[in-house]
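Notebook open, viewer loaded. I want to look up the overall build first, then a barrel, then the place where the chains meet.

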Amino acid sequence: MPRDTSIQSVLIIGSGPIIIGQACEFDYSGSQAARSLRQEGIEVTLINSNPATIMTDPVTADHIYLLPLTVDSLVQILEERRIDAVLPTMGGQTALNLAIEADQLGIWQKYGVRMIGVDVRAIDLTENRELFRRHILDIGLKVSPSYIANSFLEGKEAAQKIGFPLVIRPSYTLGGTGAAFVHEESEFDAALRRGLAMSPTHEVLVDKALLGWKEFELELLRDSADNVVIICVVENLDPMGIHTGDSITVAPAMTLSDTAYQTMRNQAIKAMRSLGNFSGGCNIQFAVEPETEEMIVVEINPRVSRSSALASKATGYPIAKIAAKLAIGYRLDELPNQITGNTSAYFEPTLDYVIVKMPRWNFEKFPGAEHRLGLQMKSVGEVMAIGRNFLEALQKACQSLENNRTGLGADMKEWIRTSDVLERLENVSEDRIFRLKDALRLGVPEKTIYKLTKIDPWFIRQIKRLVKMEEQLIRYNVAEDIPESFFRELKKVGYSDAQIAWLLRIREEDVARRRKELGIRRTFKMVDTCAAEFEAQTPYFYSTFDQENESMPSQRKKIVVLGSGPNRIGQGIEFDYCCVHGLLAIKELGYEAIMINCNPETVSTDFNVADKLYFEPVYWEHIEEILELEKPEGVIVQLGGQTALKLAETFHKKGIPIIGTSFESMDLAEDRGAFSDLLRELDIPYPRYGVATDADEAIRIANQVGYPVLVRPSYVLGGQNMRIVINDNELERHVLNIFKHLPDNRVLIDQFLDRAKEAEIDCICDGDEVHVMGIMEHIEPAGIHSGDSSAVLPTYSLSVQAIATMVEYTEKLAKSLKIKGLLNVQFAIKPSKTPGEPDKVYVIEANPRASRTTPFIAKAYKVPYLQIATQVMLGAKKLRDFNIQPQPSGFAIKVPVFSFEKFPNVDISLGPEMKSTGEAIRFIRDLSDPFFRELDSKRSMYLTR
Amino acid sequence: MQESTYEPAILLLEDGTVFHGKAAGAIGTTTGEICFNTGMTGYQEIFTDPSYYGQLLVTTNAHIGNYGIKASEVESDRMKIAGLICKNFTVPYSRHAADQSIQEYFEAEGMVAISEVDTRAIVRHIRHRGAMNAIISSEILDVEALHQRLADVPSMEGLELASAVSTREPYFVGQPDAPFRVAVYDYGVKRNILQCLTERGCYLQVFPAQTPLDTVKTWNPHGYFLSNGPGDPASMHYAIQTAKAILAENAPLFGICLGHQLLALALDIPTHKMHHGHRGINHPVKNLLTGRCEITSQNHGFGVSKDAIAAAADRVEVTHINLNDGSIEGLRVRGKRAFSVQYHPEASPGPHDARYLFDDFVSLMQN
């Protein structure tokens with residue numbers, strides 16, 4: 001059936017604020033779906049409460065509602081607009097749950113709206129574990145033995161029948177929330193009570209733990225004619241027992257024979273066809289017993305899921321985009337392959353490379369959190385890396401993680417005690433893959449490692465190859481000693497120059513120089529869905545060490561945008577929003593826009609966004625080779641958060657032009673001493689502070705500054721390790737802790753402005769003029785990280801004089817820092833106690849880049865600030881060339897969102913270290929709004945959330 | 001130092017392009033027509049598929065050998081490819097049921113391979129320049145000498161290879177008391193085709209390629225099967241005559257791949273050498289009779305002429321087309337009980353989407 005022409009207007013539901021288990025992959029799917037539908041001339045309306053998304057941008061949809069994801073909001077939209085159909089499969093579980101709720105209330109029926117791309121019965125079937133189990137058995141497939149329990153007694157009975165180890169899974173929760181292994185009977189009662197309490201229906205599923213079974217995931221698409229294709233098969237390196245979101249995953253499957261795979265494929269297709277009647281995406285997980293190859297269906301998600309984004313980036317097949325077309329009636333065979341343009345969308349992508357996805361955790365943000373990985377997802381982001389072999393992809397993934405690793409080990413962060421290493425192999429934590437290599441290096445037999453980890457021996461043997469190569473490498477003394485063929489082999493399996501340098505105890509520069517002398521350089525290969533069988537037209541590349549380079553630089557002038565790497569607390573989707581707008585502005589100015597990023601969840605790594613995408617680690621060695629090939633006019637580092645910014649120094653040293661604000665100015669803003677000197681010169685007040693290199697010095701400074709003081713390492717992100725301390729004892733403990741974790745760092749000690757208000761300004765400066773985009777006032781007083789505070793745009797309680805002072809300081813700073821582009825300034829305001837005396841405004845810090853709040857202001861005021869800023873950065877336009885017309889409507893409140901439920905037993909008090917994972921926007925007409933009053937009345941009760 | 005120093009090998013193409021890589025499998029020299037397969041699973045089935053006889057196979061999947069070699073997962077008695085060209089010849093393997101590593105297998109069969117070459121560059125080259133002959137050597141590292149050896153290799157076009165891989169003696173497969181007797185003409189038949197037929201109640205007698213129809217008829221088969229196989233179908237005059245004779249009998253007839261091309265030739269529809277063929281397990285085919293689509297396993301370097309078949313619409317009906325390039329994937333003969341497909345419904349390797357065709361064949365014999 002071709003397109004259903006009765007659908008002229010579609011509502012897409014977003015996934016709301018970023019939480020663990022539901023991240024920006026749904027911004028990617030939502031924006032793809034929106035674009036795909038608009039291509040068909042369909043009017044797209046979007047609802048999402050997350051302002052930092054591209055999907056809620058005028059470039060994506062026709063009508064945008066930044067409203068809470070509630071039935072009331074849906075009704076408001078349906079009252080205002082004629083909507084023919086709602087597509088609820090692009091916004092994760094949140095969107096689906098909302099759509100189902102509205103369905104049950106008869107909302108869709110009342111307004112004559114069809115639900116497309118989904119079958120509620122299919123959802124019910126897959127969400128209700130007992131129905132699901134029976135259904136899968138009915139169609140002749142296998143599931144793990146399990147029993148449903150609605151009471152404590154039923155749970156006990158189930159356990160008796162199944163035996164230990166077993167799993168308790170609360171029904172209807174997201175991302176495995178509350179699911180727990182029970183290894184022995186003594187733990188069972190408590191786990192069962194917790195599970196029952198967590199389920200909204202007071203129901204748990206007790207099932208056999210398939211610990212150590214291999215785990216595979218298939219991404220499927222089905223159309224209205226029941227044609228089904230498998231887009232991607234992903235093998236989890238971490239076997240069953242660890243949530244797939246927390247597993248290292250590999251595509252294509254590495255250890256699956258054709259006979260086993262075809263059985264799995266047949267079962268997957270059978271399962272999908274048996275699930276109601278809907279056109280769109282579906283994800284199926286299988287567990288495979290390693291010896292017998294027995295196969296069990298673990299889970300089915302009949303919607304676009306977290307792994308769909310990964311599968312799209314891994315194969316080049318845009319699942320959400322095609323799923324949206326299927327939802328409006330198209331059949332797969334009627335659509336073209338988006339990459340080749342002239343072959344069919346009805347086909348199964350084939351890869352001639354290997355991708356590795358690695359999760360990114362942020363445990364350091366949650367002191368007291370159980371690091372052990374299990375059934376509940378704990379990672380906050382992920383990276384993907386592409387290579388021509390598994391090891392290359394694996395090491396590139398390590399280089400992408402943004403946690404100061406230069407590859408899989410060989411970087412002075414190895415563990416050397418066998419007992420510690422073995423303990424970590426058994427008690428799975430975020431560093432298991434690194435410990436696995438440590439174990440091999442320490443001579444632990446493969447068999448023992450397999451026994452402890454159940455990681456398929458294939459992966460263990462591959463990693464062992466690295467250990468062998470390192471043993472050989474360390475026999476050399478200098479880079480010149482390494483034989484060329486061996487050098488090449490090292491690079492082919494992903495070693496960075498830094499790792500080679502560390503192993504030989506020589507300088508990275510020397511390795512790089514020698515490598516270049518030998519002509520061992522990266523070549524670039526295309527991701528084309530078809531292993532080069534057909535000519536592809538999509539400029540999506542990765543680097544490797546191979547013979548032929550396929551990335552042909554054009555004759556056009558080019559600008560490179562550096563992305564922000566994996567999502568983590570303090571650096572999330574906001575920066576991806578900034579990058580995407582930067583790319584759009586660059587394209588508009590006629591340059592070729594080139595994106596470098598490694599985060600598969602993002603819109604910036606959608607190959608339709610930039611003119612050319614390099615899916616690569618945001619890591620100097622990789623970037624360098626891209627820059628040498630492309631020879632861009634310059635690189636934009638202001639948009640990708642701290643990740644991109646911290647590379648500025650390297651660019652500066654290597655003579656690579658930085659677009660906009662110069663490195664010197666950025667450095668000045670980042671260097672606490674120099675920045676304070678500047679503030680003093682400009683007569684701008686700032687908190688007293690000092691820099692310490694040891695604990696004694698820290699105590700001396702703290703006493704000079706006066707307690708309470710704010711202590712933190714210099715150069716970190718999102719207030720990592722930042723504390724407010726009130727005496728010498730606490731200070732000493734914390735300073736020692738910082739030095740333990742970050743030995744090379746210095747410690748900053750700031751006067752803490754107790755009971756001060758906080759506010760921040762985002763502005764654009766073109767070198768001459770300064771435009772203040774917005775002033776946000778934090779509801780909570782100083783002491784809480786700006787990312788965790790609720791903030792109001794514009795200010796609501798600050799005096800006219802304080803605001804004027806802040807603007808004056810911002811202008812002074814922007815001009816003297818010679819900002820070309822974006823600047824964010826954070827203030828603390830001490831209200832005056834005596835009438836007539838002005839409020840005192842302190843500058844706390846200045847960030848010469850896009851900030852977390854930039855997208856928020858752009859959304860709230862409906863001004864494309866990031867595009868304007870990018871054009872200014874490029875020097876193509878001055879601020880006066882724009883007619884900036886903010887459209888404020890009342891107040892916009894930024895509300896942080898946390899994922900604490902993923903970390904039971906964690907201290908949930910807020911402080912100077914950021915802990916929120918996402919944010920929502922809420923518009924209010926005036927300050928009498930009950931939502932605001934509630935927030936404001938609790939402003940001082942910030943200690944717990 | 002086993003990991004770093006390795007035996008070199010060379011791949012030389014007919015047009016003079018040279019690739020340097022690492023020796024894998026047996027040490028030696030081998031020649032054939034270069035072709036590529038894009039499947040991500042099923043290397044062992046491909047190596048042993050007789051249709052690859054005389055061909056140097058490029059596998060595009062990044063790793064080959066990961067799950068080892070399992071004696072039972074073969075499509076014929078031994079490897080049929082002439083040589084292997086791959087990126088990562090991966091010797092350490094993991095599969096409980098596997099019997100040996102890929103290196104052991106290649107050594108045992110004396111199969112020459114080259115790895116660590118830019119397989120993607122080779123595929124792109126073939127995509128632009130078309131299929132051509134090539135030589136792999138891990139013993140002669142002098143390109144000039146390889147050129148001379150390569151010059152002696154005949155072109156695939158016009159080459160009759162089926163006789164070389166066909167069985168020498170007829171043999172039986174399945175249960176003698178099964179409901180249907182099917183005569184299989186073996187031009188290089190894959191074991192899984194036989195399996196798919198026996199599973200559906202067929203008792204098979206597999207005949208050498210050049211067996212006269214009259215000899216076969218004495219067995220009184222209910223239906224005839226024309227198998228897949230290597231080489232240029234247009235050179236197989238004996239087989240085309242057989243196909244014509246079977247059509248004249250109006251007996252149920254099913255052809256796969258080469259068998260499909262032979263049926264077309266028997267209907268006076270010419271075949272042609274394709275630029276670089278279809279080889280992989282992800283080829284999209286649409287069944288024009290049902291409107292349903294299927295993902296198919298393919299391996300062919302020759303195809304049936306689209307124009308000629310259109311001109312013969314009164315005699316032949318196109319039943320399946322390729323969704324990528326519109327090429328002919330299946331046909332049936334009007335007024336006869338004969339049909340054929342270009343792809344491999346038996347899969348092995350590849351998706352099982354098209355196995356219904358064997359049921360269709362059985363239905364023809366039932367009626």
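I call a residue buried if 20 or more other C-beta atoms lie within 10 Å of its own, exposed if 12 or fewer, and partly exposed in between, with C-beta atoms placed from the backbone. On that count, 60% of the 945 residues in chain A are buried. Note to self: this is a predicted model, where local features need pLDDT of at least 70, side-chain atom pairs count only at pLDDT 80 or more, and totals for chains, interfaces and linings use all residues. Residues are numbered from 1 along each chain as its sequence is written, while chains are lettered from A and ligands numbered from 1 in the order in which they are written.

**Chain A, overall.** I looked up the radius of gyration, taken over C-alpha atoms, against the globule rule of 2.2 Å times the number of residues to the power 0.38. Chain A has 27 Å, which agrees with the value near 30 Å for a compact globule of 945 residues. Its C-alpha trace spans about 80 × 75 × 65 Å along the principal axes. I find 31 helices and 33 strands in chain A; these are DSSP runs numbered from the N terminus, helices being H or I with at least four residues and strands E with at least two.

**Helix 3 of chain A.** This helix covers residues 92-104 and reaches 19 Å from its first C-alpha to its last, close to the 18 Å expected at 1.5 Å a residue (the rule is 1.5 Å times one less than its number of residues). I noted its buried residues, including A:Leu96, A:Leu98 and A:Ala102. A:Gly106 follows the helix with a positive phi, near 75 degrees.

**Barrel in chain B.** In what order do the strands close into the barrel? I read 1-2-8-6-4-3-9 for the 7 strands, with mixed pairing; strands pair if DSSP finds at least two bridges between them. Strands 3 (29-37) and 9 (132-137) of chain B pair in the antiparallel sense over 6 bridges. Within that pair, B:Thr31 has B:Ile135 as its bridge partner.

**Where the chains meet.** I count contacts when C-beta atoms, placed from the backbone, lie within 7 Å. By that rule, 44 residues of chain B touch 52 residues of chain A. Helix 3 (119-129), strand 15 (271-287) and strand 16 (293-304) of chain B each give two or more residues to this side. The largest share, 6 residues, comes from helix 3 of chain B.

Conventions
Contact = placed C-beta atoms within 7 Å.
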